[in-house]
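Let's take a walk through this model, chain by chain and then contact by contact. Keep the viewer open as you read.

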Amino acid sequence: MMIRRLSRVMAALAWLAAPLPLLAQTTANDADDETLARGAYLATASDCTACHTAHGGESMAGGLRIASPVGEIVATNITPSTSHGIGNYSEEQFARVLRHGIRADGANLYPAMPYTAYARMSDEDIHALYVYFMHGVAPVDVPTPPTKLPFPMNLRVAMKGWNLLFHDATPLEEDPEQSAAWNRGRYLVEGPTHCSSCHTPRGFMMQELDDQAMAGAQVGPWYAPNITPDDVGGIGSWRHDELVTYLRTGKLDQAQAAGSMAEAITHSFQHLSDDDLSAIATYIEALPPIGPSDGEERQGDRFSHGRPSDELVNFRGDSYAEGLEGESRGAQIYSANCASCHQPDGRGTADGYYPRLFENGILGDENASNLIATILYGVERETEAEGHVFMPPFGEQPNAFNALSNDEIADLSNYLLTHFGRVDENGKASVEVTADDVQTIREGGPGSPLILLSRIGMGVGIVAVVLLGYWLLRRRRAAKR
Amino acid sequence: MTQTASADVVIVGTGVVGVVVAEQLLDAGFSVLMLDAGPRVSRAEIVENFRNLPLGLKGSASSSYPPKPWAPHPMPSTGNPEDDYLQLEGPDAYAQTYIRYAGGSTWHWAGTCWRLTPDDMRLNSLYGVGRDWAFDYATLDPYYNLAEYSLGICGPSDPALQWPPQPRSRPYPMPHLPFSPGEDKFTRVMKEKLGYTNVPVAQARNSGMPYDDRPACCANNNCVPVCPIGAKYDAATALNRLEAKGAVILSNAVAHRIETGEGNRIEAVHYLDPERQSHRVTGNHFVVACNAIETPKLLLMSADSRNPNGIANSSDQVGRNMMDHPQLALTLTLDEPYWLGQGPVVNSGIMETSQGDFRAEHAGAYFRMNNFARNRYETFNALKTGKVGRALDEEIRRRTACTVNVVAAHEILPDPNNRLTLSANKDWLGLPKPHIYYDVGDYTRRSAEVYSMPIARRIAEAMGATEVKEPSAFAQSKHLMGSTIMGTDPANSVVDPDCRAYDHANLFLPGGGAMPSTACGNSTITMVALAFKAAEALIDQARRA
Amino acid sequence: MQTRHSSPGVSRRQLLIGGASLLGYFTFAGPTFAWTQAFKGTPLHQRFMQLSGLLINHHLDEGAGLRIGAFAAQKYAQLDQHIDSIVAIAEQQGATEVEQFFDAIPEGELRDLAYWVIAAWYSGSSSADADAELFTYEHALTFQTTLDIVPIPSFGLTGPNAWNRPPAPLLPVPRF
């Protein structure tokens, strides 16, 4: 076990050390191997690459275009290029970005950059990150196009007020009452891995609601679910090792990562050490449990509903067109598009590679966003343990398996929710999906009030800017496709 | 008649060849308009068509693709030859299967991608039979590489398992797919008892990983008639991408006449819609890639005063030299279970038997054990025994496990007498049905007598066959070749080494029709390589124009 | 009861170009849902499932049984009486398994019906012909006899490239 763990760490280090040859060309005194490796590891834990590396682009060279209703945000070049990157940043300037969200030129960052979490990191770790970015990342002397947003979204200064109200820039301190694992877990969760950025619901001003920590929130088209240890609302039924496995692979029988979480696992979590993943699990398991957001009393968590079943009797042997017109339209769509892998009765393959759909969190949840988003955008994850997992999308992409309409996805979803989700005593699904719901997810997720606010204008500029940042943070990964 | 559309390049046929040419042109900045006679359908629909077939029809490659009235294609015979689409004559029946649907017949291909060997391209020089290719293997090799990376062809990295045996200039983009237990056993038995190497098929199927934005194979054993998940490449998977790149794709558009103009250049293609209305499509260059039956049919139908024998037919070779891989399939009952059905339906084969000096006397053959799950073939046989209960369960299980198909696929020589002409019998639109005279010829028949069937019997014996059912006649492999044959002499060939029609500077006829030799392996990868070569020549020509 | 007619150009039967004769099948024109509903839940339906349970000692899918039974009710004018006769034979023999009474079913109509029912459950089809009616694909029992190692074609067997494993023994047949 210990050997395996060590080999994982070594593998992680080896992976992280890939850009290390650069080191030989630098003479920086502070760039000792250990600090550099630590910085690289922290950059991985912080998932910097998720935003700052474009698809097929140079590492950390920015250029990823993030579509928004008010214009495109372009992720910046954070390589140590002195012409186009952050090569001229002093360590103090670098630290100010992470701790306060303020660039070297004094401008405020939008909170699309999760500095609110990075701010909780220790001075030593921010130093290590600085060393890594200056000496472990290859400079790329290529500019990224400037982000140009219309008024009032371009009022970065508005962030100053928000920071004053909501931003805590003090590093986390050890809690001597708690175990070392818990402290390490809290540090990783609240700091670099910035879990709450997605999983914690936000208030009116888009501040994270601390009393609802990790209780689940919408992230663009996806829903970052409740990951508190509540037995009904959260993941209280997961064993410690299951949580660790999930972070390592993105896959359990009862839950599979897609969307932003799949990317976080691909780029970040799978590369963390066993000890760190275990520490994260320890901290998550000790969070205050929070029940379902609808407040409803009920038995069983979101991983406990449904059973294998089908409606083949109503269309098998008829034509496909008849099946689509018939009583079991959703079942016909399921059969034609999904059953080849997930099997006719939703059982998945015997080896569990293609997941079962019953007793699966995506269908037992009180929010159908992930179901709709998975259908529209598919699933893509790449881990050492599980290989390159790919479920094709069913949206409007050129490689969509089948461009399903809003109506079709709604019918399919309702079939799935009725058979494999949470139903009442009459067999009626507790969650129902409409074609409008599908359209909402197709457009990138439910109601960002952003456009309206931007129209109202300057009076609500602060809120608008914060909202934009928030919206971008949540949207960024989904938008990459 | 209406003038419908125009583009830099008009491509008739949206099968693999048309699609590959189209993408090259689009990437080079040309506008492309594509016509397909048949409908544009979703994979979902075809998958359900298959599942809705009664068990007795599950083995049919075409029954999941009901033809539209305006785009008939061969279907299981009605018993009345007059009604069949292909009008067949001769000692052997050229009873091929292909479909006229957008995306073409790769919808139901197995995905097998055997390259030709250098010898396969020099039959005349080496053995004094057939025709040599207009160029050598080294010329084709880079286009094979393009085909492999474009379609996503997996194959073995071990040189000892690669076909052809000489060193590759580029590795396969994906590793070969694992064998089923039966294939493992077959491979072992062949090596130990007969000394043959059963090698993994190079195949256009995603192996262990997504590729080309399509998912990995999950062993649903349904490559034929349709891959339910698009893990197998078929040209239908490319159509949306082509449109995203700007292609215009017209389905249900039955090309029925090619129009020539000054200098015998092609001016337009005319097509009929399902309302029988005719439309005219103009362009600077034209590609006809409808397969080696539909392409010559269209060329012959388009005869005009400049081209009284048909378009591109001054050599009188259009529609001649119809070729295929005549096959003989043995059904064996074995005394031990082989358990076929995990993984793709064709996953390995013995290719070494296709090569040798014997080719001066008779055809070579490629042997394979098909990997189709056997329930669909054996259930009714088991039921015929009248058994019930546990005995019936065991009978079905035994037959499924212990029966196999071993196929010998032969090469054939180009023979001008094997000829497609226009039948007086008309289809729904009033267009002539294809009439085909076919005789596999002594070269291939001799192989069956003295070479392939004796080997097949030794294979059966080595596998421990307790019962061997031998075929009574050659069956077809659906590999249409030869009917617009390539050569260096315009007097006896239809297209030049770039698949350009000798008679029309702006007409390209890439695909199986151009192939002057068949070898024994499936033809698609060579057709695609020719498509890349033709596209390169077309782009070069169009840029200079 | 809802009645519908298959629209031209889309009926499955038209997929079966192989000379399928529609004669004799007009009763079933229209989507399955419509023509099975009249049979569903009737005493005859229940009796048919009872007969099926005697003839095939495996788990039987209700939906497939509805399809086969509804078809049998059309195909065999005396289905009701025949079921009575076969069930009576089984009861006479005190049989709980098909092996214990099948040979006692007299040759002729009764035996033909009994074997047709068995064949329908195993093949999921009304016959081996190209124009047969399909009752079920996924629940056809033939696939259950080999499901430990052979996929039902078009349904994935394992994750990518994970299907190579030691061959299964010929016997015993898995329980299903």
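Helices here are DSSP runs of H or I with at least four residues, and strands are runs of E with at least two, numbered from the N terminus. Keep in mind as well that this is a predicted model.

With that in hand, start on chain A. An unreviewed UniProt entry lists "domain: Cytochrome c" for residues 34-137, 180-288 and 325-420 of this chain. Take the stretch 180-288 of chain A: 42% of it is helix and 9% is strand. Its end C-alpha atoms sit 19 Å apart. Now slide along to residues 325-420 of chain A, where helix makes up 44% and strand 10%. There the end C-alpha atoms are 23 Å apart.

Chain B brings another annotation. For residues 201-326 of chain B, UniProt lists "domain: Glucose-methanol-choline oxidoreductase N-terminal", again from an unreviewed entry. Over this stretch of chain B, strand accounts for 22% and helix for 13%. The C-alpha atoms at its ends are 19 Å apart.

Next, see how chain C meets chain B. The contact draws on 55 residues of chain C and 63 residues of chain B. Between them, the two chains bury about 4600 Å², with 66% of that on carbon and sulfur atoms. Polar contacts link 24 residue pairs across chain C and chain B, counting pairs with both residues at pLDDT 80 or more. On the chain C side, the elements that give two or more residues are α1 (12-15), α6 (109-123) and α7 (141-144). Of these, α6(C) gives the most, with five residues. Sorted by class, that side of chain C has 33 nonpolar, 15 polar and seven charged residues. There are also three salt bridges between chain C and chain B. For a salt bridge to look at, find Glu99(C) and Arg390(B), whose closest N and O atoms are 4.0 Å apart.

Which residues does Asn375(B) touch, leaving out those up to four places away in sequence? Within chain B they are Ile396(B) and Thr400(B), and from chain C come Thr142(C), Phe143(C), Thr145(C), Thr146(C) and Val150(C). Asn375(B) itself belongs to helix α8 of chain B, which covers residues 375-383. Is Asn375(B) buried or exposed? Its relative accessibility is 1%, so Asn375(B) counts as buried, the cut-off for buried being under 20%. A polar atom of the Asn375(B) side chain also lies 3.1 Å from the backbone oxygen of Thr142(C).

Last stop: chain C against chain A. Here 27 residues of chain C are in contact with 23 residues of chain A. The buried area comes to about 2000 Å², and carbon and sulfur atoms give 52% of it. How many salt bridges are there between chain C and chain A? The count is one. Look for it where the side chains of Arg316(A) and Glu138(C) meet, at 2.7 Å from N to O. Seven residue pairs are in polar contact between chain C and chain A, with both residues at pLDDT 80 or more. Two or more residues come from each of α2 (32-37) and α4 (62-75) on the side of chain C that touches chain A. With three residues, α4(C) gives the most to that side. By class, the side of chain C that touches chain A has 11 nonpolar, 12 polar and four charged residues.

Technical notes:
Residues numbered from 1 in each chain as written. Chains lettered and ligands numbered in written order. Predicted model: local features only at pLDDT ≥ 70, side-chain atom pairs only at ≥ 80, totals over all residues. Heavy atoms only, no water. Buried < 20%, exposed > 50% of the residue type's maximum accessible area, 1.4 Å probe, protein only. Polar contact = N/O pair within 3.5 Å; in protein donor to acceptor, adjacent residues only side chain to side chain. Contact = heavy atoms within 4.5 Å. UniProt positions renumbered as here; feature names shortened; annotations may be inferred. Buried area = accessible area lost by both parts, 1.4 Å probe. Nonpolar A, V, L, I, M, F, W, Y, C, P; charged D, E, K, R; others polar.
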